[in-house]
Amino acid sequence: MLAVVMVGGCKKKIVDPFPASGAVAGWEKSGKTQTFDAANLYEYIDGGAEQYISAGVVGVATSDYKFQGSLEATVDVYTMKTADGAKTIFDADPATSDSKSVQLGDAARLYGQSVVFRKGVYLARITAFDAVPGGSDALLALAHGVEGKL
Amino acid sequence: MQNRREFVKEMVAGAAVLGAGKKFALGQGKAAEKSKVVIVRDAKLRTPGPAPDEKRVAAMLDHAMQTYFNAQNPVQPWKQVVRPGQVVGLKLNSLGRMLSPSVALVATICERLQQAGIKAGDIIVWDRGSRELEAAGFKLSNAPGAVRFIGSDTEGYEDAAVSYGSVTTRLSKIFTRCDVAINMPVLKSHNIVGVTMAMKNMYGVINNPSTMHGSACNPYIADLNMVPQIRQRVRFVVGDMMTAVYEGGPSYRPEFAWNENGLIVGEDRVAIDTISAQIVERKRAEKGLQTLAQKGTPLTYLATAADAQHRLGTNDPARIALIEQRIA
């Protein structure tokens, strides 16, 4: 499924950022892809939308995943107008004591239950809803799968 | 509740008086100029598992409500909030997955309301979107005679606009159907307003929240809460602080989340938000982060809500009677 966003009034297809079930070991795409553009982004992330709009968001595509049938995660891929916009969002988060930089895309940060990376105009965030042993490794593997499709 | 250890910072004599229809009503007695806010925390909330234990959630709610109302049993407080025959809405804040009012908390309130004489069919658990409600763990239902779980996206908004100050908006038809609203926010940082809790949750009552995020939502938040229907019908706040975020909100960001394992209750929405902001600030300091003001989100709406024009409550900590208790 292709995520479609509006740019300058014209429909522009972006690459499908979501690995199919099984494409990344252990991960199953468990939800439908949903897309929101700048005009209705607040329906997805409420007040969080303003930060993305200010940085020039075009839209976001999101889908749920499951790892080995249990660990649930959401993958959000924001398309920004420029790579600077993706960097602005990426840099807005403070580092935490349990975060570490990882080699992925243009820059990436791995946490215990999430991973965020940017690549060109894309800003991707993968959030797990439980902390499980090996969870961050699984998230990183999924992130590589997403990054490979951008 | 067995084995509880109480830390009472300041007790207020006299029963609270609900301020329906008034700009702001306070309790009677010597400390009447102070707004009571009760916080109850349970360090063992998540035993044996990582999720809050349902029975402990219920116990925490009952403890908070009985403390607030100086009540001897769990039902008595609700009789001071609602009357039989009224339609009661529980306005959730379920925008963020993992950051929604707990299902057990909502279930307990629904049970207490029915014990207080409200018919099941007169209770509506609701929020802006059905999708968010489902994601938060609530099963949508609009069957007559049973507690309803519905979203404004399916029920729609009133045709007629309402206004106050900077705000012109249309109210959810669910909200206008309710005689009484229980405001059930979740403690979250917010990258525009600093912290979102009771007053900001009213953005989920209207059709055009996206138009009210400029200028750090100020004076929109205060003005929206002054819309007569909102000011009058929102009688009580039960804030979920079991899981909260101190950065990156209002979305769920596990890297910035922590388990406060508590509830905050009260009538004064400004006082609730003021105390909530202090809790987030404390956690940010603990994590070595900037204050919300240094970050550029200084919660200016609190002062506006408390000013002479609005008088929705107090943002002055010296005028808040904060009662913090722990269940151990």
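Helices (H or I, at least four residues) and strands (E, at least two) are DSSP runs, numbered from the N terminus. The views below show a predicted model.

**Figure 1. The loop of P48(B) and its cis peptide bond.** The place of P48(B) is in the loop of chain B that runs between strand β2 (35-42) and helix α1 (54-69). The peptide bond that leads from T47(B) into P48(B) is cis, and its omega is near 10°.

**Figure 2. The loop between β10 and α7 of chain B, with P219(B) and S215(B).** P219(B) is found in the loop of chain B that lies between strand β10 (194-196) and helix α7 (220-226), and the peptide bond from N218(B) to P219(B) is cis, with omega near 10°. The loop between β10 and α7 of chain B is also the place of S215(B), a residue that has a positive phi of about 50° although it is not a glycine. S215(B) is exposed, because it has 12 other C-beta atoms within 10 Å, and a residue counts as exposed if that number is 12 or fewer.

**Figure 3. N70(B), a residue with positive phi in the loop between α1 and α2 of chain B.** N70(B) is not a glycine, yet it has a positive phi of about 50°. Its place is in the loop between helix α1 and helix α2 (76-79) of chain B. With 16 C-beta neighbours inside 10 Å, N70(B) counts as partly exposed.

**Figure 4. The β-α-β unit built from β4, α4 and β5 of chain B.** Chain B has eleven helices and 13 strands, and this view is centred on three of these elements: strand β4(B), helix α4 (residues 130-135) and strand β5(B), which make a right-handed β-α-β unit. Strand β4 (residues 123-127) of chain B pairs with β5(B) in the parallel sense over four bridges, and I124(B) stands opposite R148(B) in β5(B). Strand β5 (residues 148-151) of chain B is covered on both faces, since R148(B) and I150(B) on one side, and F149(B) and G151(B) on the other, are all buried. In chain B as a whole, buried residues make up 55% of the 328 residues, and residues 24 or more positions apart account for 70% of the contacts with a separation of 6 or more.

**Figure 5. Overall form of chain A.** The secondary structure of chain A comes to four helices and ten strands, which follow one another along the sequence in the pattern β-β-β-β-α-α-β-β-α-β-β-β-β-α. Chain A has a radius of gyration of 14 Å, close to the 15 Å that the globule rule gives for 150 residues, so it is as compact as a globular protein of that length. The C-alpha trace of chain A spans about 45 × 35 × 25 Å along its principal axes. Of the 150 residues in chain A, 44% are buried, and residues 24 or more positions apart account for 56% of the contacts with a separation of 6 or more.

**Figure 6. The buried residue V60(A) and its contacts.** V60(A) lies in strand β5 (residues 57-67) of chain A and counts as buried, because it has 25 C-beta neighbours inside 10 Å, where 20 or more are needed. Leaving aside its neighbours within four places in sequence, V60(A) is in contact with T35(A), F36(A), L41(A), Y44(A), D76(A), V77(A) and Y78(A). One of these residues, F36(A), is 24 residues away from V60(A) in sequence, yet the two are 5.4 Å apart in space, C-alpha to C-alpha.

**Figure 7. Helix α3 of chain A, with its buried and exposed residues.** The buried residues of helix α3 (residues 83-92) of chain A are G85(A), A86(A), I89(A) and F90(A). They cover an arc of only 135° around the axis, which puts them on the same side of α3(A). An α-helix has 3.6 residues a turn, so residues three or four places apart point the same way. The exposed residues D84(A) and D91(A) are carried on the face of α3(A) that is turned away from its buried side. The buried residues of α3(A) pack against helix α2 (49-54) and against strands β5, β6 (71-80), β8 (107-110), β9 (114-119) and β10 (122-128) of chain A.

**Figure 8. The interface between chain B and chain A.** In this view, 19 residues of chain B are in contact with 17 residues of chain A. The side of chain B that touches chain A has, by class, nine nonpolar, seven polar and three charged residues.

Key: Residues are numbered from 1 along each chain as its sequence is written. Chains are lettered from A and ligands numbered from 1 in the order in which they are written. This is a predicted model: local features need pLDDT of at least 70, side-chain atom pairs count only at pLDDT 80 or more; totals for chains, interfaces and linings use all residues. Two residues are in contact if their C-beta atoms, placed from the backbone, lie within 7 Å. Ala, Val, Leu, Ile, Met, Phe, Trp, Tyr, Cys and Pro count as nonpolar, Asp, Glu, Lys and Arg as charged, and the others, Gly among them, as polar. Two strands pair if DSSP finds at least two bridges between them. A crossover is right-handed if, with the strands pointing away from the viewer, the path from the first strand over the helix to the second runs clockwise. The radius of gyration is taken over C-alpha atoms; the globule rule is 2.2 Å times the number of residues to the power 0.38. The arc is that of the directions from the helix axis to the C-beta atoms.
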